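Trainee: Please take me through a close look at one part of this model, the ligand site. I would like the helices around it covered as well.

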Amino acid sequence: MAAGRLMTPSPLIERDVDLSTRTTLALPGHAARFAEINSADQLRSLADDRYTPRFVLGGGSNLVLTGDFDGLMLHMAMRGRERVGDDAGAWYVRAGAGENWHDFVLWTLAQGWPGLENLSLIPGTVGAAPIQNIGAYGLEVAERFHSLSACDMRSGEFVRFDREACRFGYRDSVFKQEGWHVDGRFVITEVTFRLPKAWTPLACYADVASELDARGIAAPDAQQVAAAIIAVRQRKLPDPAQLPNAGSFFHNPIVDAATADRLRATHPGLPCYAQPDGRVKLAAGWLIEQAGWKGRNLGTAGMYEKQALVLVNRGGATGADVLELMQAVQRDVHAGFGVALTPEPIFP
Ligand code: NAP
């Protein structure tokens with residue numbers, strides 16, 4: 001029975017599990033050992049050096065498999081979502097790490113708790129969201145984050161991380177800074193969000209503003225913002241079920257102001273976004289397009305024709321093919337602009 005299964009502390013550990021269907025780039029690879037985690041107790045039972053190396057898999061949407069993984073892959077499947085409280089300023093909502101991110105966003109909106117709508121349709125799980133501080137259309141998850149719980153796999157203790165402890169940055173957090181997203185030291189089990197009661201729409205990105213405009217909506221509610229963003233994303237980004245991909249493949253580079261001025265002098269169309277610290281964010285997709293890679297393939301991998309920032313598997317690509325394409329794009333962007341592109345996905 002389901003209740004009995006949940007009480008079982010040790011999860012089933014499968015051997016030699018095919019990972020190609022568990023990642024959205026659909027690259028070949030096997031895990032020597034694989035366990036699906038449905039409860040905190042199951043996770044704690046694996047907090048033992050015998051189970052290293054380990055790697056934590058969520059939705060598999062930000063992962064490049066470059067071969068087999070000779071360790072234990074933990075598939076975080078912990079579910080559950082609930083309102084845990086509210087105060088004058090906000091609702092507090094908690095979700096299990098294995099909840100699908102987009103389903104969770106839609107659920108919060110249906111409950112009447114706005115705040116996450118700009119992050120609609122981002123692939124992946126709730127547990128993965130804080131790790132790279134997912135962001136879209138002018139909002140980062142850090143702005144709606146309250147706290148999270150994670151298991152320290154060295155001690156088996158559960159540790160609470162508040163916003164400060166997470167050290168959020170642009171698509172960055174302490175989990176990446178310390179390499180825990182690769183070595184699986186801390187495994188996130190649940191995340192609590194703070195959704196503000198005083199809500200105003202955030203439609204500063206041109207694509208969102210023009211989609212709302214086209215729909216004749218001047219003062220959108222949160223569900224209307226979500227619907228506009230879903231429409232924009234569906235138009236621009238490939239569905240992994242149809243064309244395997246890992247979303248944005250490179251970070252937007254952030255350069256100093258002098259470098260941005262120099263580049264703008266020779267490339268007047270260069271999109272530049274001033275950062276609070278005086279540096280300037282460049283659009284990686286624009287640089288890749290200018291370098292001639294939009295819609296271009298190298299063997300069985302390519303850069304997507306509608307959004308050059310997305311690397312796609314055209315069918316049968318391997319991790320080595322993806323690496324070759326990644327390096328060719330990095331080389332050409334560097335040759336054209338002197339700017340280094342760093343990949344966003346994780347290479348276990
Ligand atoms: P876009 O609208 O074509 O814009 C290209 C880049 O310019 C974006 O990456 C964005 O930076 C930046 N940008 C555009 N308007 C801006 C503004 N008003 N202020 C500051 N920066 C601006 O971008 P896109 O590729 O279609 O993606 C749309 C949004 O979805 C972006 O925010 C992107 O980051 C997000 N997205 C996130 C993920 C993820 O978290 N894994 C995956 C796919 C797309 P930013 O990226 O910093 O916003």
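**The ligand site and its helices**

Mentor: H7 and H8 are roughly perpendicular to each other. Keep in mind that this is a predicted model. The angle between helix H7, residues 206-214, and H8 is about 115°. Their axes lie 9 Å apart. The range for roughly perpendicular runs from 65 to 115 degrees, and therefore the pair gets that label. H7 and H8 make a right-handed crossing.

Now take the other partner of H8. Helix H3 spans residues 101-111 and packs against H8 at about 155°. Here the axes are 10 Å apart. An angle over 145 degrees counts as roughly antiparallel, so H3 and H8 are roughly antiparallel to each other. The crossing of H3 past H8 is left-handed.

Next, the ligand itself. Its surroundings consist of 19 residues. Those that come nearest are Tyr 170, Tyr 205, Asn 252, Lys 281 and Gln 307. Sorted by class, the shell has eight nonpolar, five polar and six charged residues.

Three contacts to ligand oxygen atoms deserve a look. From Tyr 170, a polar side-chain atom lies 2.5 Å from a ligand oxygen. Lys 236 also brings a polar side-chain atom, at 2.8 Å from an oxygen atom of the ligand. Gly 135 uses its backbone instead: an N or O atom there lies 3.3 Å from a ligand oxygen. For your purposes, note the cover too. On its own the ligand has 800 Å² of accessible area, and the protein covers 82% of it.

Which elements give two or more residues to the shell? They are strand E7, residues 135-136, and helix H8, residues 222-236. This ties the pieces together. H8 packs with H3, packs with H7 and gives residues to the ligand shell.

Two backbone details finish the tour. Start with the loop between H3 and E7, where Asn 133 lies. Phi of Asn 133 is near 45°, a positive value in a residue other than glycine. The second detail is a cis peptide bond joining Thr 52 and Pro 53, with omega about -10°. Pro 53 belongs to the loop between helix H2, residues 40-44, and strand E3, residues 54-57. Why mention such details? Because most residues other than glycine have a negative phi, and most peptide bonds are trans.

Methods:
Residues numbered from 1 in each chain as written. Predicted model: local features only at pLDDT ≥ 70, side-chain atom pairs only at ≥ 80, totals over all residues. Heavy atoms only, no water. Near = heavy atom within 4 Å. Polar contact = N/O pair within 3.5 Å; in protein donor to acceptor, adjacent residues only side chain to side chain. Areas by Shrake-Rupley, 256 points an atom, 1.4 Å probe, with all protein chains shown as cover. Helix = DSSP H or I, 4+ residues; strand = E, 2+ residues; numbered from the N terminus. Nonpolar A, V, L, I, M, F, W, Y, C, P; charged D, E, K, R; others polar. Axes fitted to C-alpha atoms, helices over the stretch in contact; angles between N-to-C directions. Parallel < 35°, antiparallel > 145°, perpendicular 65-115°, else oblique. Left-handed = near helix turned anticlockwise from the far one by under 90°.
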